[in-house]
Every structure is written in structure tokens, then in C-alpha cells.
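Here is a protein model to read slowly, one term after another. Each question below asks what stands behind a word, and each reply sets a value beside a definition.

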Amino acid sequence: MAVKKIHLFNSPVLTLPCRGIVAPITAETEQLALDLKDTLEHHIKKGYGLAAPQIGILQRMFAFVNLRTGNIGIFINPKCDQFSPNIVEQRESCLSYPGLWKSIKRPEWGLFSGLDITGKEMKIKVEGLQARIFFHEIDHLNGQCRVVTKKRR
Ligand SMILES: [Zn+2]
């Protein structure tokens with residue numbers, strides 16, 4: 001087990017954009033995936049996703065709970081290719097900002113592409129809370145978290 005410390009509140013790594021990961025997948029990248037999985041598993045009652053910058057690594061990867069299977073998956077270089085014109089508003093929280101909740105508008109579904117942990121291309125269409133998790137984690141990879149962003153302005 002490698003449960004890492006989660007960066008909180010004013011940590012600068014939470015505001016910086018992350019670098020893309022170049023395939024083929026290295027042992028170092030696999031280790032990052034394991035660390036993200038172990039750390040998310042440890043906080044599973046409080047969170048559905050964890051992005052690499054939240055454990056201090058500025059690379060484009062996040063771990064997420066697959067709401068259908070209950071397993072933790074890994075998404076590398078994720079991007080949203082297409083999204084619903086329907087917008088849904090729901091409260092979100094974040095493991096890096098414990099205690100904060102904010103109502104955030106997100107598309108109802110999204111079509112996402114990137115790499116899985118073996119470096120293979122993956123495309124996945126998800127909706128509802130699963131899509132919300134993906135949008136939230138991609139924000140982190142761009143150095144943003146909307147649970148707090150608007151308060152700073
Ligand atoms: Zn978050």
C-alpha cells in the first residue's frame with residue numbers, strides 16, 4: 001500500500017497545469033497509478049475520484065470509482081471529445097478542499113478519450129455522476145477546481 005498525502009487548500013500544485021504522459025507506459029507511471037488507486041481507496045467514503053496533482057504529481061492521470069462495478073479505474077491523458085447540451089446542476093465536494101460543497105453546472109453526459117493503464121487507447125461515454133466525476137478530475141489536470149475557483153474571484 002502506498003497511501004499518499006493529499007494536498008489541501010493553498011498547495012500550489014493544485015493550481016498548475018499537468019503534463020501529458022507519453023506512451024509506452026513506464027514503471028514510474030504504473031507506480032503513480034497504484035499510488036492514486038491506494039490513496040483513493042483509503043478515502044473511498046469521501047470521494048469518487050483523485051487526480052495526480054492532488055498527490056503532488058503534475059501529470060495527466062486520475063483514478064476514479066467506476067460506479068457500475070465499484071472498482072477503481074485509471075484514466076491517462078483524458079479529454080472530453082463531445083458533451084451533452086443539457087446542463088445539470090449538482091453539489092460537488094473535493095478531497096483537497098474538505099468541508100466545502102458547491103453547486104456546479106455540468107453537461108449531463110460526456111464522451112471521453114485517453115489511455116488506460118496499459119497505454120491502450122480508450123473511449124468511454126458516461127453520464128450523470130460518472131460524467132461529473134470525469135469533468136471534475138479533468139479540471140484538476142488543468143490546475144482548477146470549481147469547488148473553490150469562484151470564491152477566489
Ligand atoms: Zn477534486
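The questions and answers that follow go from the whole chain to its helices, its strands and its core.

Q: What kind of model is this, and how are its residues numbered?
A: The model is predicted, so local features are given only where pLDDT is at least 70 and side-chain atom pairs only at pLDDT 80 or more, while totals for chains, interfaces and linings use all residues. Residues are numbered from 1 along each chain as its sequence is written.

Q: What makes a stretch of chain a helix or a strand, and how many of each does the protein have?
A: Helices (H or I, at least four residues) and strands (E, at least two) are DSSP runs, numbered from the N terminus. The protein has three helices and seven strands, and from the N terminus on they come in the order α-β-β-β-β-β-β-β-α-α.

Q: How do you know whether the radius of gyration agrees with that of a compact globule?
A: The radius of gyration is taken over C-alpha atoms, and the globule rule is 2.2 Å times the number of residues to the power 0.38. For 153 residues a compact globule would have a value near 15 Å, and the protein has 14 Å, which agrees. Along its principal axes the C-alpha trace spans about 40 × 30 × 25 Å.

Q: Why is L8 called partly exposed?
A: A residue is buried if 20 or more other C-beta atoms lie within 10 Å of its own, exposed if 12 or fewer, and partly exposed in between, with C-beta atoms placed from the backbone. L8 has 13 other C-beta atoms within 10 Å, and therefore it is partly exposed. L8 lies in the segment before α1, and its C-alpha atom is 6.0 Å from that of Y97, 89 residues apart along the chain.

Q: What makes α2 largely enclosed by the rest of the structure?
A: Eleven of the 14 residues of α2 are buried, so this helix is largely enclosed; among them are I133, F134, F135 and I138.

Q: How do you know that the span of α2 agrees with the expected one?
A: The expected span of a helix is 1.5 Å times one less than its number of residues. For the 14 residues of α2 this should be 20 Å, and the end C-alpha atoms are 21 Å apart, which agrees. After α2 comes G143, with a positive phi near 75°.

Q: What makes β2 and β3 a pair?
A: Two strands pair if DSSP finds at least two bridges between them, and β2 and β3 have five bridges in the antiparallel sense. M61 has I76 in β3 as its bridge partner. Their hairpin has six residues between the strands, and there G70 takes a positive phi near 85°.

Q: What is called a nonpolar core, and which residues have the most contacts inside the largest one?
A: A nonpolar core is a set of buried Ala, Val, Leu, Ile, Met, Phe, Trp, Tyr and Cys residues joined through C-beta atoms within 7 Å. The largest has 27 residues, and those with the most contacts inside it are L36, A52, M61, F62 and F64. Its largest share, six residues, comes from α2.

Q: Which residues does L36 touch?
A: Two residues are in contact if their C-beta atoms, placed from the backbone, lie within 7 Å. Not counting residues up to four places away in sequence, L36 touches L50, A52, I55, M61, F62, A63 and I74. L36 is one of the buried residues of α1, and the buried residues of this helix pack against β1, β2 and β3.
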